[in-house]
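Please take a moment with the sequence and the model before reading on. The paragraphs below are meant to be read with both in view.

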Amino acid sequence: MKTRLWILAGAAVAMALAYGCKPKGAQTAISGDAASKVYVPPGQHDEFYNIISGGFNGQMSVVGLPSGRVFKILPVFSVHPENGYGFSEESKPMLNTSHGFVPWDDLHHIAISTTNAEHDARWAFGNANNTPRIARVDLTSFKTVEIIEIPNSGGNHSSPFITENTEYVVAGTRFSVPTGDNSDVAISTYKDNFKGTISFISVDKEHGHMDIAFQLEAPPFNFDLARAGKKKSHGWFFFSTYNTEMAHTLLEVNASQKDKDFIMAVNWKKAEEYIQAGKGKKVPAKYAHNVWDESTHTATSTIKEGVLSLDPRELKDIIYFIPCPKSPHGTDTDPTGEYIIGSGKLAAIIPVFSFTKMLAAIESQDFEGNIDGMPVLRYESVLHGEVQKPGLGPLHTEFDGKGNAYTSMFVSSEVVKWNIETLQVIDRVPTYYSVGHLMIPGGPTGNPHGKYMVAYNKITKDRYLPTGPELAHSAQLYDISGEKMQLLLDFPTIGEPHYAEAFPASLVKDKQVKFYKLEENNHPRALKGVANARVEREGNKVHVYMTTIRSNFRPDNIEGVRVGDEVYFHVTNLEQDWDVPHGFAVKGANTAELLVMPGETSTLKWVPDRVGVFPFYCTDFCSALHQEMQGYIRVSPA
Ligand code: CUK
Ligand code: CUA
């Protein structure tokens with residue numbers, strides 16, 4: 001009976017999910033003190049940094065809370081003409097992949113580094129969905145400093161999720177794909193030839209450098225999202241899966257047949273032991289690993305081959321399946337590590353699983369079956385309980401550290417607050433309109449900071465001044481310090497926000513790099529002063545060793561260049577002061593500007609296609625004589 005209800009409710013939800021809906025006649029109730037709660041007076045700072053994924057813009061944005069003010073757009077997987085990311089010779093290798101230069105991607109999730117399950121905010125990780133990659137951003141420079149490609153994966157949605165001491169960044173493939181040398185196969189042989197893969201990427205404690213430690217083979221499901229266990233469940237990982245029907249066409253229908261899919265529990269400590277015991281086998285893989293070097297101000301890209309892989313079908317105690325209604329999207333672990341929440345987007349309830357019960361079920365081999373030898377646990381034996389009538393289309397759950405959970409409801413456009421122990425709904429607030437992810441500062445950690453909750457909404461309709469067919473995406477800030485949630489503020493976001501994280505500003509604001517020390521600049525073409533500014537020809541290559549300092553370029557009159565030469569402007573910014581970048585752009589150049597940070601060297605390549613005298617100038621306002629900061633380059637016939 002219960003099963004049937006799920007199916008019926010599921011069908012209604014599926015309809016609503018496809019078409020979306022917004023609450024009718026919902027009034028935005030703003031109480032009198034909302035304005036003062038988000039007002040950060042001029043000259044004062046916000047309490048939290050909020051790093052928000054940009055979705056299809058491939059960037060992260062850096063926003064202050066509670067004000068909602070945008071501080072920076074931080075390019076990660078997309079070229080960014082504004083600062084030359086992906087255009088300068090030094091940064092191009094950051095976007096290299098085994099497919100060559102891939103200058104765009106789709107960034108969905110943020111993970112802020114943790115120690116002992118608490119934010120240390122050394123790094124922000126982000127995922128590329130399209131050409132699977134993970135990036136690491138250094139939060140002392142707010143710069144993308146490393147990108148690793150993930151082989152044997154397609155649609156890297158289920159990442160990046162981190163273990164409690166940032167031992168690993170973990171990535172599950174959304175699309176199962178044929179892997180290794182067995183890749184030219186008929187799509188209809190999906191069940192036999194396609195594989196799911198979970199990648200464990202180690203993170204070096206000192207420098208943060210990533211490496212693919214090992215991969216786990218998994219059944220050809222779709223992996224959607226995941227969370228690491230923490231505290232008592234440290235050592236485990238939980239992945240939501242859908243399409244356990246293993247359909248390869250019309251998933252909208254074919255992947256919504258089953259009553260329950262699974263949360264896949266992975267004992268990664270066990271997997272680690274097997275790797276240490278030499279049980280991993282090397283499988284074919286090809287991937288790029290790109291690292292930014294702060295000393296030479298240059299990225300290098302290395303193509304690597306082969307990864308270690310474990311087959312959990314043989315090693316039977318790594319993977320266990322927990323049945324979970326129905327097409328689970330988010331899976332989240334509470335701050336104690338005891339509870340695992342599955343958000344079946346087509347389900348009418350929210351199941352809460354107990355880690356303790358899961359261990360007991362494994363111990364007593366209380367299984368209802370297996371998938372390729374990997375045990376399937378019984379739903380009832382792992383269940384802590386179900387939240388009844390939570391709303392429609394549960395997606396993601398965050399925590400306030402006071403025993404409450406907050407779940408976003410895509411279809412009914414609301415956030416629902418409920419108690420984890422009693423499973424009672426405490427409060428619900430409408431969102432405007434279709435909420436995807438939500439975020440509480442520290443929400444995924446063992447020690448949430450509480451205070452605020454932000455809903456990131458997909459379809460804003462009438463919330464802002466209209467801007468043609470495409471409208472701004474939106475974040476909504478709620479005060480959650482009391483029993484009832486209180487809407488404080490709407491603010492538009494950059495790109496399409498998916499997941500975001502926020503952490504106290506005090507963790508990073510006094511650790512910022514103010515400028516790079518010139519004497520430590522090891523770029524091979526750096527200049528330490530104006531004395532050696534010069535032009536050097538090597539065959540058809542012309543190297544311009546150029547300096548910038550308020551307010552001139554040297555050299556600023558360049559001659560001897562010919563049509564078809566490869567001209568490299570190696571621009572060193574000699575400033576040794578905070579917030580004084582200089583820019584550089586040349587008329588007609590088929591590239592972007594450079595924005596050179598103080599003490600840094602950056603290179604723009606230009607192949608002039610015609611004879612003439614071409615002006616160049618500084619693009620970033622730097623002094624009262626900024627407009628005087630210019631020069632000419634003369635191009636003569638070949
Ligand atoms: S998500 Cu990527 S489709 Cu719920 Cu993290 Cu929006
Ligand atoms: Cu340098 Cu403007």
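What follows is a walk through this predicted model, from its ligand to its salt bridges, one of its helices and some details of its backbone.

Let us start at the ligand. Which residues surround ligand 1? Histidines appear again and again in the list: His108, His109, His157, His329, His396, His437 and His498 are there, together with Leu225 and Lys458. By residue type, this shell divides into 7 polar residues, 1 nonpolar residue and 1 charged residue.

Next, a look at covalent cross-links. A disulfide is a covalent bond between the sulfur atoms of two cysteines. How many disulfides does a search of the whole structure find? The count is 0. Two cysteines can still be placed by their accessibility. Cys324 has a relative accessible area of 0%, so it is buried. Cys622 is buried as well, with a value of 11%.

Salt bridges are another matter: a search of the whole structure finds 28 of them. A good one to bring up on screen is the pair Glu600 and Lys143, whose side chains meet with an N to O distance of 2.9 Å. Why does this pair tie together parts of the chain that are far apart in sequence? Glu600 sits in the loop between strand E41 (594-596) and strand E42 (601-606), whereas Lys143 belongs to strand E9 (residues 143-149), so the bridge joins parts 457 residues apart in sequence. Are these two residues buried or exposed? Both Glu600 and Lys143 are buried.

A second bridge runs between Glu217 and Arg313, with the closest N and O atoms 2.8 Å apart. Glu217 is part of strand E13 (residues 210-218) and Arg313 is in the loop between strand E18 (298-310) and strand E19 (319-324), so this pair ties together parts that are 96 residues apart in sequence. The two partners do not share an environment class: Glu217 counts as buried because its relative accessibility is 12%, while Arg313, at 35%, is partly exposed. This bridge also belongs to a wider arrangement, since Lys195, Glu217, Asp311 and Arg313 are linked in a network of salt bridges.

For a third example, turn to Arg378 and Asp366, where the closest N and O atoms are 2.8 Å apart. Here the partners are 12 residues apart: Arg378 lies in the loop between strand E24 (374-377) and helix H7 (379-382), and Asp366 in the loop between helix H6 (355-363) and strand E23 (367-371). Arg378 is partly exposed, with a relative accessibility of 31%. Asp366 is also partly exposed, at 22%.

Now let us move to helix H5, which spans residues 268-276. Its buried residues are Trp268, Ala271, Glu272, Tyr274 and Ile275. Why do these buried residues line one face of the helix? Seen down the axis of H5, they fall within an arc of 160°, so they line one face. The general geometry helps here: an α-helix has 3.6 residues a turn, so residues three or four places apart point the same way. And what does this face pack against? The buried residues of H5 pack against strand E11 (168-172), strand E12 (196-203), E13, strand E15 (236-242), strand E16 (261-267) and E18. You have met E13 already, as the strand that holds Glu217. Just after H5, Gly278 takes a positive phi of about 80°.

That glycine leads on to the backbone. Most residues other than glycine have a negative phi, and most peptide bonds are trans. With this in mind, look at Met246, which is not a glycine and yet has a positive phi of about 60°. Met246 lies in the loop between E15 and helix H4 (251-254), and at a relative accessible area of 23% it is partly exposed. Gln365 is another such residue, with phi near 50°. Gln365 is in the loop between H6 and E23, and its relative accessibility of 59% makes it exposed.

Where, finally, do cis peptide bonds appear? One runs from Ser159 to Pro160, with omega near -10°, and Pro160 lies in strand E10 (residues 158-162). Another joins Arg550 and Ser551, with omega about -5°. Ser551 is located in the loop between strand E36 (541-549) and strand E37 (552-554).

Definitions and conventions:
Residues numbered from 1 in each chain as written. Chains lettered and ligands numbered in written order. Predicted model: local features only at pLDDT ≥ 70, side-chain atom pairs only at ≥ 80, totals over all residues. Heavy atoms only, no water. Near = heavy atom within 4 Å. Nonpolar A, V, L, I, M, F, W, Y, C, P; charged D, E, K, R; others polar. Disulfide = S-S within 2.5 Å. Buried < 20%, exposed > 50% of the residue type's maximum accessible area, 1.4 Å probe, protein only. Salt bridge = Lys/Arg side-chain N within 4 Å of Asp/Glu carboxyl O. Helix = DSSP H or I, 4+ residues; strand = E, 2+ residues; numbered from the N terminus. Arc of directions from axis to C-beta. Contact = heavy atoms within 4.5 Å.
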